Amino acid sequence: MLVKTVLLLFFVSFGVCDPSVVIIGAGASGIAAATRLLKNGITNITILEAEDRIGGRVYSVRFADGVVDLGAEWCHGDKDNIVYDMVKDLNILQHAQQFYPEIYHSKFKRLDQDFSNALVDTFNKLIGESKKSVSVGERLIARYEQAIVQWKNDPSVYALAREAITFFEVYVIGNKGAFSWFDVADDDDYSEGNLLFHWNGHGYKTILDLLMQKYPGESKSLPIDDKVLLNKEVHQITWGSKQAVIKCTDGSNYAADHVIVTVSLGVLKHQHHTLFQPKLPSDKVQAIEQLGIAAVHKVILRFPQRWWNDSYTGTSFLWDKDDIKHISFGEGPVKDGVSWLTSVSVLLPVEHNPNVIEAWFVGHFVPEVERCPDEVVINGVMYLLDYFGMVVAETTTRPDAIIRNNWYTNPHFRGTYSFQTPRTRRGQYSDEVILSEPLGYNAQKPNLLFAGEASSPTHYSKVHGAIEAGFREADRIIKMYK
Ligand SMILES: Cc1cc2nc3c(=O)[nH]c(=O)nc-3n(C[C@H](O)[C@H](O)[C@H](O)COP(=O)(O)OP(=O)(O)OC[C@H]3O[C@@H](n4cnc5c(N)ncnc54)[C@H](O)[C@@H]3O)c2cc1C
């Protein structure tokens with residue numbers, strides 16, 4: 001192994017084989033691929049990034065008294081997780097609490113915590129019994145009555161438990177980033193370990209610094225900054241002959257022996273028919289079309305004064321079915337008589353940022369909420385706090401700062417994270433596997449390769465899936481020159 005690596009470094013350094021590689025996208029996947037190539041002596045790399053920053057959906061910024069993550073926030077799972085493995089001995093990650101939110105009801109206000117916890121346990125049990133080829137929505141609706149039979153003897157509690165199905169619907173669409181729970185495969189290929197971690201106030205971008213060897217010190221950093229070209233939106237990749245040609249919207253062209261495409265599934269869905277010349281084969285197109293991506297909208301708010309205490313783990317909202325139709329809040333979008341405010345799934349405190357709360361908007365209102373002015377969003381959240389009885393008179397002051405990112409309406413993302421739909425796994429291979437297959441006129445040295453979170457067979461949707469996929473495609477190129 002060592003001999004092979006030394007030989008590769010030798011050949012590369014003497015120009016015997018110095019493949020040129022263009023990576024499209026400087027998100028976690030693109031950065032991971034570049035670092036892997038560089039460490040293996042492949043240095044003729046260009047990373048074309050459409051935005052004016054690196055990181056993609058990893059986007060940590062300073063806000064209020066600390067750092068907030070507009071995109072990825074938690075490291076999901078301690079098993080088979082490349083992010084966890086990279087940082088576990090560095091004392092950076094901190095175990096996040098199991099999420100048992102306070103549930104507030106639009107009529108009854110704060111629900112008894114034991115009842116709330118029992119509801120969440122019931123739901124977790126239900127989720128664990130997944131079934132092939134149906135949607136989560138179909139199966140949970142079919143199973144729900146039976147799952148809440150424990151409360152049948154108490155009519156008022158039973159009625160409340162029945163209503164809580166909408167609460168679970170909102171949870172599922174937020175977790176999967178879908179617009180409807182009928183779009184989400186019930187039995188999917190995603191797997192993760194049990195534990196959840198946050199970045200202890202440093203932000204998820206720490207992983208990019210680690211990949212680029214800028215953390216903890218910069219002395220051994222890899223020259224990624226020299227390889228990245230920002231504000232370079234690619235609009236066509238011609239891949240049918242030996243060298244691929246990449247055209248950008250600013251008129252610049254790049255030739256490469258290999259292209260690694262890391263753009264999101266949302267971008268691929270929207271652009272595959274014009275982005276690739278020749279067009280992608282039908283199985284690839286089908287995979288892109290069958291996989292799912294929609295969005296959540298995370299709104300981060302700074303309150304001048306905290307109205308929550310240190311033990312606060314967050315609030316979820318349960319709407320009485322009559323209240324849903326009778327919200328008198330006059331601003332923002334309304335569909336079929338239902339206000340956008342019903343799309344807030346949860347409020348969460350932000351670790352190491354004492355005055356900050358994040359509100360998650362989920363479901364089909366997200367594109368419109370992204371377009372709402374900040375003032376309207378703040379007014380809406382304040383109305384919600386009041387409506388659900390969470391306002392504690394003078395202590396609940398209005399937020400004085402807000403930050404959010406429009407992942408769905410930004411053409412460089414068109415969604416937050418991918419999910420499997422019931423159609424995704426009907427064939428022998430999952431659509432992620434089909435998406436990850438390389439293409440090119442030379443089967444031994446394919447020139448069009450696909451990375452990005454949506455191409456990870458079991459860790460799609462997450463940063464660790466994106467990094468794995470970037471490494472996978474870099475390794476594919478490295479092997480071609482051994
Ligand atoms: C709100 C939110 C919350 C999330 N929470 C978590 C979480 O807690 N934990 C977790 O693990 N994951 C989370 N994720 C998902 C995670 O962020 C992504 O899975 C991961 O960052 C994807 O990385 P990527 O490199 O595959 O794609 P991206 O980060 O999307 O990188 C692709 C890059 O390609 C660029 N690009 C697009 N089109 C073009 C073009 N035409 N030309 C050139 N460049 C282009 C984009 O600008 C982008 O920088 C979250 C995501 C969001 C948005």
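**Exercise 1. Find where Pro-216 sits, then work out which peptide bonds next to Pro-216 and Pro-278 are cis.**

Start with location: the loop joining α8 (206-211) to α9 (224-227) holds Pro-216. A quick heads-up before going on: this is a predicted model. Now look at the bond leading into that proline. From Tyr-215 to Pro-216 the peptide bond is cis, and omega is near 0°. Next, go to Pro-278, which is in the loop between β15 (276-277) and α11 (282-290). The bond from Gln-277 to Pro-278 is cis too, with omega near -5°. For context, most peptide bonds are trans.

**Exercise 2. Check the phi angles of Asn-231 and Ser-461, and place each residue in its loop.**

Take Asn-231 to begin with. Its phi is near 55°, a positive value in a residue that isn't glycine. You'll find Asn-231 in the loop between β10 (228-229) and β11 (234-238).

Then move to Ser-461. Here phi is positive as well, about 85°, and again the residue is not a glycine. Ser-461 belongs to the loop between β25 (448-450) and α16 (463-480). Most residues other than glycine have a negative phi.

One last step: is Ser-461 buried or exposed? Its relative accessibility is 15%, and the cut-off for buried is under 20%, so Ser-461 counts as buried.

**Exercise 3. Describe the surroundings of the ligand, from its shell of residues to its polar contacts with the backbone.**

Step one is the shell. There are 36 residues around the ligand, and those that come nearest are Glu-49, Arg-57, Trp-74, Val-234 and Glu-453. Sorted by class, the shell has 16 nonpolar, twelve polar and eight charged residues. Both α2 (28-39) and α16 supply at least two residues each.

Step two is the backbone. A polar backbone atom of Ala-28 is 3.2 Å from an oxygen atom of the ligand. For Ala-50, the partner is a nitrogen atom of the ligand, at 3.1 Å. Ser-461 turns up again here: one of its backbone N or O atoms lies 3.1 Å from a ligand oxygen.

Step three is coverage. On its own the ligand has 1000 Å² of accessible area, and the protein covers 99% of that.

**Exercise 4. Work out what surrounds His-459.**

Locate the residue: His-459 is in the loop between β25 and α16. With a relative accessible area of 2%, His-459 is buried. Which residues is it in contact with, leaving aside neighbours within four places in sequence? They are Asp-80, Tyr-190, Ser-191, His-464, Gly-465 and Glu-468. Glu-468 deserves a second look, since its side chain makes a polar contact with the side chain of His-459 at 2.6 Å.

**Exercise 5. List the buried residues of α11 and say what covers them.**

Reading along α11, the buried residues are Lys-284, Val-285, Ala-287, Ile-288 and Gln-290. Their cover includes α10 (265-275), β16 (292-293), α15 (431-436) and β25. A handy bit of helix geometry: an α-helix has 3.6 residues a turn, so residues three or four places apart point the same way.

**Exercise 6. Take three salt bridges and sort out how accessible the partners are.**

The whole structure has 23 salt bridges. As background, side chains of opposite charge can pair when their charged atoms come close.

- Lys-88 pairs with Asp-85, with the closest N and O atoms 3.7 Å apart. Lys-88 is partly exposed at 42% relative accessibility, and Asp-85 is partly exposed at 40%.
- Glu-129 pairs with Arg-139, the closest N and O atoms being 3.9 Å apart. Glu-129 is in the loop between α4 (113-127) and α5 (136-147), while Arg-139 is in helix α5, ten residues apart. Glu-129 is partly exposed at 32%, but Arg-139 is buried at 6%.
- Asp-374 and Arg-404 meet at 2.8 Å, N to O. This pair links helix α14 (residues 374-387) with strand β23 (residues 401-404), and the two residues are 30 residues apart. Asp-374 is partly exposed at 36%, whereas Arg-404 is buried at 16%.

To finish, which network does Glu-129 belong to? Salt bridges link Glu-129, Arg-139, Arg-143 and Asp-186.

Conventions
Residues are numbered from 1 along each chain as its sequence is written. This is a predicted model: local features need pLDDT of at least 70, side-chain atom pairs count only at pLDDT 80 or more; totals for chains, interfaces and linings use all residues. Side-chain values use heavy atoms; hydrogens and water are left out. Helices (H or I, at least four residues) and strands (E, at least two) are DSSP runs, numbered from the N terminus. Buried means under 20% relative accessible area, exposed over 50%, partly exposed in between (1.4 Å probe, protein chains only). A residue is near a molecule or strand if one of its heavy atoms lies within 4 Å of it. A polar contact is a pair of N or O atoms within 3.5 Å; within protein, one must be able to donate a hydrogen and the other to accept it, and residues adjacent in sequence count only if both atoms are side-chain atoms. Accessible areas come from the Shrake-Rupley method with a 1.4 Å probe; for residues, only the protein chains shown count as cover. Ala, Val, Leu, Ile, Met, Phe, Trp, Tyr, Cys and Pro count as nonpolar, Asp, Glu, Lys and Arg as charged, and the others, Gly among them, as polar. Contact means heavy atoms within 4.5 Å. A salt bridge is a side-chain nitrogen of Lys or Arg within 4 Å of a carboxyl oxygen of Asp or Glu.
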